[in-house]
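Q: I am new to this structure. Please pick one part of it, look at it closely, and then work outwards from there to the rest.

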Amino acid sequence: MSIPTLAVTLGDVAGIGPEITAKSLLGHDDVRQECVPVVIGDEAAMRQGVKNVGGDPDAVRVLDSIEDATNKPGIIELLQTGPSLADVKLGELSPAAGDGSYRFVVEACRLAREGRVQGIVTAPLNKAAMHAGGHKWPGHTELLAHEFGVENFSLVLSAGDLYFFHLTTHVSLRQAIADVTPQRTTNVIELVSAFTKALGNPDEPIGLAGLNPHAGENRLFGDEDADILAPAVAAAREKGINVHGPIPADALIPAAVKGKWNMVIACYHDQGHAPFKAVYGDDGVNITVGLPVVRVSVDHGTAFDIAGQGIAREASLVLSMRRAAALAPGWDHVWRTAQKK
């Protein structure tokens, strides 16, 4: 079986994206046995990234077509996307870099829709820069969902067999509470169930974290857990979905880290992200479930403060490519199962 071709978007070129991409593709040749990585980005930024990590900028080769990729070790194959970003200054918020990061993602999605790549791997973008560049998306996940025309999707943090789904992500905490609706809760529970079926574990237990402290503790700390989350869980269980909750987050998440749960649903961004990053760091990746193509991202930001120094760690990007390569062959089953719910 041929290995999947992955579109690796360069992210915000004012940050560490070019450096970690250079380290990943020039220092981990074994990854090429699992996938064909092609950078979707900017030649000047990629060459500078290679130089910043002590490599030869001539290792960067610009392709006319993604089908021209050779996957030879020691070479970074790249599709130039839009005008050159040679004038972008490292470590500074740049509308041009923000626009570039947007264009890289849009191009990767186009290639995926045309069936020319089997997965997308994303280096980090800067949301403020993307907004300054004229693209008002909350983040990668929402932009990807728009490009593929899907409405039921979830940002998923993953380390090993552990998956953290999210009811809400890049909104204010006040908005997140408003967005935890019966329909959204039901949609994500069914999305997790579809994912477990596609992975071959249809009866995998799913733990839903409570929104409020102690999952509301019999309405002492809010009514949302009793009025929104609990009914959605009950309805899903009637459909045969092995979901439990709402469970107090401070009980559910430590239990998941210890191996009791593999599938966890967090209600809002920091409820899932903060403990996950504290425990797993570079061992975690970000997967978007609900898209017709696998997308995996690093689980860190653009790190403007160290951009250009050549010290950024590439471990999360390498892991993202490996995870995308592993999931890509069976992703159509994930997608079709999710449509059936």
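**A helix and its surroundings**

A: In this predicted model, helix α10, made of residues 269-280, lies across four strands: β6 (154-159), β7 (162-166), β8 (206-209) and β10 (263-266). Relative to β6, helix α10 runs at about 20 degrees.

These four strands belong to an open sheet of 12 strands, with mixed pairing. The order across the sheet is β3-β4-β2-β1-β5-β12-β11-β6-β7-β10-β8-β9. At the edges stand β3 (60-62) and β9 (243-247); each has a single partner strand, so one side of each is left without a neighbour in the sheet. On average, neighbouring strands in this sheet are turned by 25 degrees against each other, direction ignored.

Edge strand β9 also holds Pro-246. The peptide bond leading from Gly-245 into Pro-246 is cis, and its omega is near 0 degrees. A further backbone detail is found in the loop between β8 and α8 (224-238), where Ala-215 sits. Ala-215 is a residue other than glycine with a positive phi, near 55 degrees. As background, most residues other than glycine have a negative phi, and most peptide bonds are trans.

Another helix also lies across strands of the sheet. Helix α3 (residues 95-113) lies across β1 (5-9), β2, β4 and β5 (119-122). The angle between helix α3 and β2 is about 135 degrees. Two of the strands under discussion, β2 (residues 36-41) and β4 (residues 76-80), pair in the parallel sense over three bridges. In that pairing, Val-39 stands opposite Leu-78 of β4.

The chain is also divided into domains. The domain assignment gives domain 1, which covers 1-150 + 290-328, and domain 2, which covers 154-289. The C-alpha centres of domain 1 and domain 2 are 29 Å apart. Each side of the contact is made up of 20 residues, from domain 1 and from domain 2 respectively.

Helix α10 comes up again at the pockets. The largest pocket has a volume of about 270 Å³. Its lining is formed by 18 residues, and the closest to the pocket centre are Lys-127, His-170, Asn-286, Val-298 and His-300. At least two lining residues come from each of α5 (140-148), α10 and β12 (294-298). Sorted by class, four residues of this lining are nonpolar, 10 are polar and four are charged. Residues of both domain 1 and domain 2 take part in the lining, so the largest pocket lies between the two domains.

The second largest pocket holds about 210 Å³ of space. Of the 15 residues that line the second largest pocket, Leu-167, Thr-168, Thr-169, Asp-179 and Arg-184 are the closest to its centre. Here α5 and β6 each supply at least two residues of the lining. This lining divides into five nonpolar, seven polar and three charged residues. Domain 1 and domain 2 both give residues to the lining of the second largest pocket, so this pocket, too, lies between them.

To return to the starting point: helix α10 lies across β6, β7, β8 and β10, and α10 supplies at least two residues of the lining of the largest pocket. Strand β6, which α10 lies across, supplies at least two residues of the lining of the second largest pocket.

Definitions and conventions. Residues numbered from 1 in each chain as written. Predicted model: local features only at pLDDT ≥ 70, side-chain atom pairs only at ≥ 80, totals over all residues. Heavy atoms only, no water. Pairing = 2+ DSSP bridges. Axes fitted to C-alpha atoms, helices over the stretch in contact; angles between N-to-C directions. Contact = heavy atoms within 4.5 Å. 1 Å grid on protein atoms, 1.4 Å probe; cavity = no way out; pocket = protein on both sides within 12 Å on 5 of 7 lines; lining within 4 Å. Points joined across faces, edges and corners; volume = space filled by probe spheres on them. Nonpolar A, V, L, I, M, F, W, Y, C, P; charged D, E, K, R; others polar. Domains from an automatic or database assignment.
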